[in-house]
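Reader: I should like to discuss how certain terms are applied to this model. Please show the structure before we begin.

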Amino acid sequence: MTASLPASGPPPRTPIRRRRLAGAGRVIRRRALVAVPVLAATSMSMFALGAASPVDPAQQYAGAAAFTTSEENLAQIRDNWGVDDPLPVQYARWLGNLLCGDLGWSTSRHEPVADVLAARAGWTLLLVGMALALVLVASLLLGTLAAYRRGGWFDRGLRAVAYAVQSMPVFWIGLAAIAVFALSLGWLPAGGLTDVTATATDPADVARHLVLPVTVLAIAQAPWFVLFIRDAVADSLRDDHVLAARARGLPGRTVLFGHALRTALLPFLTLVGTHLPELVGGAVLVETVFSLPGLGAVTVQAALGSDFPLLAATTLATTVVVLTANLATDLAYATADPRVRLDD
């Protein structure tokens, strides 16, 4: 019998999809390792800020009763909470409770911090998600059209409006929207999620109440995205492959959206990821102006009331959302451009 010889040539390559999934896994692990010191530094900063505050947690918890409560009772509250322990001991105890799922007790709302986050995080994510979707659709459409009509009246008018909106604080835009569309015209409600007389949460009623907050947040964040897309598409229209597509006689719509806009989308993904913290910060002010029951409103309440357990938890939650969004942006960038190596 003739012995079989090994097949000649290089060994078979690992499938591309499997390699990219492995690269994505390595990126996620590396980002998770980076997130640990970031979250630790954030929590230490918030804890040190709370410890440096002159506000007495026992008196804050007692509220108006602190004026009539004996000093012995206040001292017992401090002893139960361990607020007189050394700062490293307090932080170690707080971190241990955090890792066990105990986020502490909100002194301003008199309920567990975990319950506050569970009841309100969904509304903030809904507001931010809808505003981001509106910003992306509007900026891609308006910015692309402005680049295609570069130098025309639409381009000049859009840039003028974008520069004007950039100078307006988001709370001012919200108050102006309430004054015009809620008070003067009466088209939309001025705040809240449901009508005052509502006995249940109706999705249609919630959607109607979210029209103004979502639109205000989207308008406040849109100028950066619109101007970026306008400049990126304008540059792409001068690229060789776009000029070649025009020379082949392809329709203008195909050249604009199928070639120029597609090239501009890659850096646009990076802009979305880096701009998300500002979007979340704007949501805090929008929720306060429109009296929405989200994390933004309770964050402002926690800051004004020196409720540091709640403030630390909301800050950590916001940091986790931003880190996750940045990771998703990197993965989306690599998916959109196969030339990007995830494992570099």
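Reader: What makes Val-286 a contact partner of other residues in this predicted model?

Author: Contact requires heavy atoms within 4.5 Å. Val-286 touches Leu-127, Val-170, Pro-213, Val-216 and Leu-217, with residues up to four places away in sequence not counted; these five residues therefore each have a heavy atom within 4.5 Å of Val-286.

Reader: Why is the set with Val-286 called a nonpolar core?

Author: A nonpolar core joins buried residues of listed types, Val, Leu and Phe among them, through side-chain atoms within 4.5 Å. The largest one has 26 residues, and Leu-127, Val-216, Leu-217, Val-286 and Phe-290 have the most contacts inside it. These five are core members, so each is under 20% relative accessible area.

Reader: Which helices supply this core?

Author: α5 (113–148), α7 (170–184), α8 (203–236) and α10 (252–289) each supply at least two of its residues. The largest share, seven residues, comes from α8. Apart from this core lies another, of 17 residues, including Met-46, Trp-94, Val-113 and Val-298.

Reader: What makes Val-321 a lining residue of the second largest pocket?

Author: A lining residue has an atom within 4 Å of a pocket point. Val-321 is one of the 25 lining residues, so Val-321 meets that cut-off. Val-321 is also among those nearest the pocket centre, together with Thr-124, Leu-125, Val-128 and Val-280. The pocket holds about 450 Å³ of space.

Reader: How is its lining divided by residue class?

Author: The lining comprises 15 nonpolar residues, nine polar and one charged. α12 (308–336) gives the most, with eight residues.

Technical notes. Residues numbered from 1 in each chain as written. Predicted model: local features only at pLDDT ≥ 70, side-chain atom pairs only at ≥ 80, totals over all residues. Heavy atoms only, no water. Buried < 20%, exposed > 50% of the residue type's maximum accessible area, 1.4 Å probe, protein only. Helix = DSSP H or I, 4+ residues; strand = E, 2+ residues; numbered from the N terminus. 1 Å grid on protein atoms, 1.4 Å probe; cavity = no way out; pocket = protein on both sides within 12 Å on 5 of 7 lines; lining within 4 Å. Points joined across faces, edges and corners; volume = space filled by probe spheres on them. Nonpolar A, V, L, I, M, F, W, Y, C, P; charged D, E, K, R; others polar.
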